[in-house]
Amino acid sequence: MSAPHTPPQGRIDIEGLHIELGHGQDRFEALHDVGFSVAPGEFVCLLGPSGCGKSTLLGALAGHLSPTRGSLRLDGQTLNGPAPERGLVFQQHTLFPWLRVIDNVAYGLKMQGVPHDERRTRAHQLLDSVGLAGFERHYPSQLSGGMQQRVEIARVLINRPRVLLMDEPFGALDALTRVKMQQLLLDLWARVPTTVIFITHDIDEALFLADRLLVMSARPGRILEDITLPFARPRDAELLTQPEFVALKRRCLALLHHGAGSVQSLPRLSPLGAVPPAPAAAARFAV
Ligand SMILES: Nc1ncnc2c1ncn2[C@@H]1O[C@H](COP(=O)(O)OP(=O)(O)OP(=O)(O)O)[C@@H](O)[C@H]1O
């Protein structure tokens, strides 16, 4: 008898999402009529100017914020509060300083009542996969920023989330560590079939990581452009100098700085990437 078919999980559907924040006279619209879908296992980056509502959108997906209007669904179910199926990783660390690395990673399973041996085994496996075998008995303060961020990721992945929500997770890291973490994340994601929604201000990072970019307008945030990236995987640093990459980067820069009307005159990407490279000065730009 064949094994029962399990449909892929992690599909997100957002429709007509409006979110207002603040109270009384200070109330304002943070998100305006946001709508998009994400396929199971897709890696989507959110790009947008500061204050446009990216974290608000992530907070709604995490279940920490309720829509004023509209709907958010995961695998067809309307989201209702936070749940381990949607793991959150922030820029700032949220590790418990009084717990050893292994206990930080296993904490979620402990809360779910998973037996001691099983949670240890799974925590060891995850620490191994994020390159931290041998650091199980360290405390967070004994680790570098990049290592702490690896623990954060392991701590969320141990819950086997359907969706990984990442809010500028590498924003506080030095450039070299950041590049290593991007590669580590792609390696993990290739092995663990999880939908990823990743916020960043760094266009290079977004283009390097994502299957799709959602570029948002200034507040109130709405989706200006939904860009499917044509880059094959696995990816490496060579990609950052390819003409297609540079052309898309120019397009993102124009969208972020001048809005949707500004990009009419810019060339759209051809399937062959026949777009002249941008000047070298534009090769790295964080918004
Ligand atoms: N709880 C709140 N009450 C009132 N205003 C808020 C609240 N949270 C965020 N804001 C405001 O809502 C807007 C959207 O904030 P949000 O943090 O979602 O933007 P963002 O795109 O993630 O910004 P950044 O890129 O700077 O992190 C901002 O103008 C922010 O100041």
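This is a short selection-by-selection tour of a predicted model of a protein chain with a ligand.

**Stop 1: the whole chain**

Start with the full protein chain in cartoon view. You should find seven helices and ten strands. If you colour by burial, 37% of the 287 residues come out as buried. A contact map is worth opening alongside: of the contacts between residues at least 6 apart in sequence, 70% join residues at least 24 apart.

Now select residues 12-243, the range that UniProt lists, in an unreviewed entry, for "domain: ABC transporter". Over this stretch the chain is 31% helix and 26% strand. Put a distance label between its end C-alpha atoms, and the viewer should show 32 Å.

**Stop 2: two domains**

Next, colour by domain. Domain 1 takes two segments, 14-85 and 161-282, while domain 2 covers 93-160. Their centres, taken over C-alpha atoms, are separated by 27 Å.

Where do the two domains touch? Select the contacting residues: 13 from domain 1 and eleven from domain 2. On the domain 1 side, highlight helix α5 (residues 175-191), which gives the most to this surface, with five residues. Colour the domain 1 side by class and you will see eleven nonpolar residues, one polar and one charged.

**Stop 3: around the ligand**

Centre the view on the ligand and show the residues around it as sticks. From earlier in the chain, pick Leu21, Gly22 and Ala30. Then add Gly48 and the run Ser50, Gly51, Cys52, Gly53, Lys54, Ser55 and Thr56. Arg219 completes the shell.

Which helix gives the most to this shell? Select α1 (residues 54-62): this helix supplies three residues. By class, the shell has three nonpolar, seven polar and two charged residues.

**Stop 4: strand β9 and its partners**

Stay with the cartoon and select strand β9 (residues 212-216). Four of its five residues are buried, so the strand is mostly covered. β9 has a parallel pairing with strand β3 (residues 43-47), joined by four bridges. To see one place along this pairing, show Cys45, which stands opposite Leu213 in β9.

Now bring in strand β10 (residues 223-228). β9 and β10 pair in the antiparallel sense, over five bridges, and Val215 stands opposite Glu225 in β10. The two strands form a hairpin, with six residues between them.

**Stop 5: two cis peptide bonds**

Follow the hairpin into its loop. Pro220 lies between β9 and β10, and a cis peptide bond joins Arg219 to Pro220, with omega about 0 degrees. You have met Arg219 already, in the shell around the ligand.

Move on to the loop between β10 and α7 (243-258), where you will find Pro234. Here a cis peptide bond joins Arg233 and Pro234, with omega about -5 degrees.

**Stop 6: two positive phi angles**

For the last stop, look at backbone torsions. Select Arg160 in the loop between α4 (145-157) and β7 (163-167). This residue is not glycine, yet its phi is positive, near 50 degrees. Is Arg160 buried or partly exposed? With 15 other C-beta atoms within 10 Å, Arg160 is partly exposed.

Finish at Glu168, in the loop between β7 and α5. Its phi is also positive, near 45 degrees. Glu168 has 19 C-beta neighbours inside 10 Å and counts as partly exposed, because a buried residue needs 20 or more.

Definitions and conventions. Residues are numbered from 1 along each chain as its sequence is written. This is a predicted model: local features need pLDDT of at least 70, side-chain atom pairs count only at pLDDT 80 or more; totals for chains, interfaces and linings use all residues. A residue is near a molecule or strand if its C-beta atom, placed from the backbone, lies within 6 Å of it. Ala, Val, Leu, Ile, Met, Phe, Trp, Tyr, Cys and Pro count as nonpolar, Asp, Glu, Lys and Arg as charged, and the others, Gly among them, as polar. Domain bounds come from an automatic or database domain assignment. Two residues are in contact if their C-beta atoms, placed from the backbone, lie within 7 Å. A residue is buried if 20 or more other C-beta atoms lie within 10 Å of its own, exposed if 12 or fewer, and partly exposed in between; C-beta atoms are placed from the backbone. Two strands pair if DSSP finds at least two bridges between them. UniProt positions are given in the numbering used here, feature names are shortened, and annotations may be inferred rather than shown by experiment.
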